[in-house]
Structures are given as C-alpha cells and as structure tokens.
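Me: I'd like to go through this structure with you and ask what stands behind each label. Can you take it term by term?

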Amino acid sequence: MSDPCSAKRLPTVLPSNPMDWAKAWLDEAVQNEVQRNPNSMAAVTVNGEGQPSARVVLCKEFVADPGYLVFYTNYKSDKARQIAGNNKVALLFHWDSFGRQVRIEGQAVLSPDDESDTYFASRDWGSQIGAWGSDQSSPLESRSALIAQVGRRAMKLGVGAAKNFKAIAVSERPVISRPPHWGGIRVWANRIELWIEGSDRIHDRARWTRSLEANEDNAFDVGEWTGIRLQP
Ligand SMILES: Cc1cc2nc3c(=O)[nH]c(=O)nc-3n(C[C@H](O)[C@H](O)[C@H](O)COP(=O)(O)O)c2cc1C
C-alpha cells in the first residue's frame with residue numbers, strides 16, 4: 001500500500017483496507033504526541049427515543065484486521081446502557097494538526113472478560129480504585145460526597161485511608177481486581193470515512209462500507225470493503 005502517513009491525497013485507486021490507513025494515522029498521531037490524548041475519539045450512542053449523544057473516550061486498541069476498536073468504560077454508564085439497547089455506534093477521530101478526520105460506524109459488543117481483566121491489571125493503581133469508586137453517569141450530591149464514596153469503597157478493597165492513593169507505598173497496595181461492571185467495548189466497523197484537508201476547502205474524502213454478520217463468538221463475520229470517493 002502507498003504510505004498513508006506521507007500521502008497528501010487518497011490514492012487514485014482507493015486502498016482496499018481503509019482500516020490500515022486509519023490505524024497508521026492513529027499510530028502517527030500517538031508517536032508524534034500531536035495532542036495530550038491523540039487516541040481520544042468521540043463516541044456516539046443512541047437512546048431509546050432515537051436521541052444520539054456524544055462523549056470523548058480513549059481508543060485503547062485498534063485492530064485493523066478483522067476491524068474493530070476498543071474503549072473501556074463503566075457498563076452501567078449511560079453510554080453502555082444505550083449500547084445495550086441499540087448496539088449501533090459512531091466513532092470520530094480528528095487530528096487538527098495533521099488535517100485528518102476518520103469517521104467510523106459499526107456495532108458494539110462487550111470485550112471478552114479476560115481481555116478486560118488484562119487491561120485493568122495494566123492500569124495505574126489509582127485508576128483501578130477510581131473504577132470502583134465512581135458510579136459513572138449516576139447523579140451526585142456534591143464533589144465531597146464523591147470523595148467520601150471513593151474513600152469508603154477503597155477501605156472495602158483493603159486500601160488504608162489516604163488523601164492521595166499515590167502516597168501509599170507500593171509494598172502496601174493490595175491487588176485490585178476488575179469491577180464486574182467495568183470493561184471494554186469493541187466496536188466492529190462496517191463503515192469508515194477517511195478525510196484529508198485540502199486547500200480552498202477542496203478536501204479529499206472517501207467512504208468504505210462492508211457487511212457485518214454476528215457470529216456465535218460474540219464477534220462478526222466481515223465482508224470485503226468497498227470504497228467510493230465523496231465530494232467534500
Ligand atoms: C480526553 C477524555 C478521555 C476520556 N476517556 C474516557 C474513557 O476512555 N472511558 C470513559 O468511560 N470515559 C472517558 N471520558 C469521559 C467521557 O467523556 C464521559 O464523560 C463519561 O464516559 C460519561 O459518559 P456517559 O454518561 O455518556 O456514559 C473521557 C473524557 C475525556 C475528555
């Protein structure tokens with residue numbers, strides 16, 4: 001394939017695996033630290049009334065083949081509840097300094113437990129406690145009520161009282177297991193658009209689509225990508 005990162009335009013013959021291009025762009029943004037969270041993406045879910053809602057999450061894995069992305073969240077959060085009712089999701093990356101946008105649409109499933117366990121274990125210890133401490137998306141009376149709740153839950157996990165969990169010596173930190181209500185969400189792509197900024201607003205864009213068929217492994221059988229160039 002031509003080099004996605006040096007290409008100023010999409011090739012005349014559109015590449016057959018646009019996910020490789022998107023991953024190359026993401027990797028380049030991460031390597032160049034183009035922004036504080038170069039792997040951040042907007043994730044859009046839809047509620048029971050058909051109302052979409054968007055929020056930023058971090059892309060922790062981008063598997064170009066067979067083609068899914070992973071983010072981690074609380075399974076009782078608004079976004080996860082919405083996905084449970086309607087698993088169609090849209091994702092959006094924008095790297096302004098590169099003049100690139102990637103739009104992805106697809107269907108979400110929960111990541112396998114062992115994958116979520118492995119990722120959770122790799123997280124910063126304070127973030128592990130944080131996952132137990134917050135009932136993401138639930139109403140809260142005050143910031144101090146949240147701090148007290150986190151403290152109570154940390155005590156239950158065997159963590160001594162501390163203003164700052166990082167202040168606790170590594171040798172005194174109990175192992176924190178993954179909360180059952182926290183883990184990965186895999187978004188399998190069936191539509192992707194690559195966009196490159198052009199001068200005079202004559203941008204370059206193309207969209208690819210493919211079929212997704214749910215299989216018995218909590219995954220999807222995927223078809224071939226078909227691409228088409230779009231007017232900007
Ligand atoms: C840079 C950035 C990264 C974030 N990463 C995540 C993430 O990976 N997972 C997550 O659940 N929330 C993340 N958030 C918080 C979400 O944007 C959101 O506030 C939260 O998930 C609750 O969303 P919900 O109530 O719609 O479910 C992030 C926010 C920002 C600004």
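**What the labels rest on**

Reply: Sure, starting with a hairpin: β5 and β6 form one with four residues between them, and Gly-99 in the turn has a positive phi of about 65 degrees. Bear in mind that this is a predicted model, where local features need pLDDT of at least 70, side-chain atom pairs count only at pLDDT 80 or more, and totals for chains, interfaces and linings use all residues. Residues are numbered from 1 along each chain as its sequence is written.

Me: What makes β5 and β6 a pair of strands?

Reply: Strands here are DSSP runs of E with at least two residues, helices are runs of H or I with at least four, and both are numbered from the N terminus. Two strands pair if DSSP finds at least two bridges between them. Eight bridges join β5 to β6, and the two run antiparallel, so they pass that cut-off. In one of these positions, Val-89 stands opposite Gly-106 in β6.

Me: How do you know that β1 (40-46) pairs with β5 (88-95)?

Reply: Three bridges join them, again antiparallel, so the two-bridge rule is met. Ala-42 has Leu-92 in β5 as its bridge partner.

Me: Why is Ser-137 called partly exposed?

Reply: The count is of other C-beta atoms, placed from the backbone, within 10 Å of the residue's own: 20 or more is buried, 12 or fewer is exposed, and anything in between is partly exposed. Ser-137 has 15 such neighbours, so it falls in the middle class. You'll find Ser-137 in the loop between α4 (125-133) and α5 (143-156), with a positive phi near 80 degrees although it isn't glycine.

Me: And what makes Asn-218 exposed?

Reply: Asn-218 has 11 C-beta neighbours inside 10 Å, so it counts as exposed. Asn-218 sits in the loop between β9 (212-214) and β10 (220-222); its phi is positive too, about 60 degrees, and it is not a glycine.

Me: What makes a group of residues a nonpolar core?

Reply: They must be buried Ala, Val, Leu, Ile, Met, Phe, Trp, Tyr or Cys residues, joined through C-beta atoms within 7 Å. The largest such set has 34 residues, and Ala-22, Leu-69, Val-187 and Ile-192 have the most contacts inside it. β7 gives the most to this core, with seven residues. Over the whole protein chain, buried residues make up 27% of the 232 residues.

Me: Which residues does Ile-192 touch, and what counts as a contact?

Reply: Two residues are in contact if their C-beta atoms, placed from the backbone, lie within 7 Å. Leaving aside neighbours within four places in sequence, Ile-192 is in contact with Pro-18, Met-19, Ala-22, Val-102, Arg-103, Ile-104 and Trp-208.

Me: How do you know which residues surround the ligand?

Reply: A residue is near a molecule if its C-beta atom, placed from the backbone, lies within 6 Å of it. There are 15 residues around the ligand, and the closest are Thr-73, Ser-77, Asp-78, Lys-79 and Ser-137. β2 (52-58) is an element of this shell and gives the most to it, with five residues.

Me: Last one: where is the cis peptide bond?

Reply: The cis bond joins Asp-65 and Pro-66, with omega at about 15 degrees. Pro-66 has its place in the loop between β3 (61-63) and β4.
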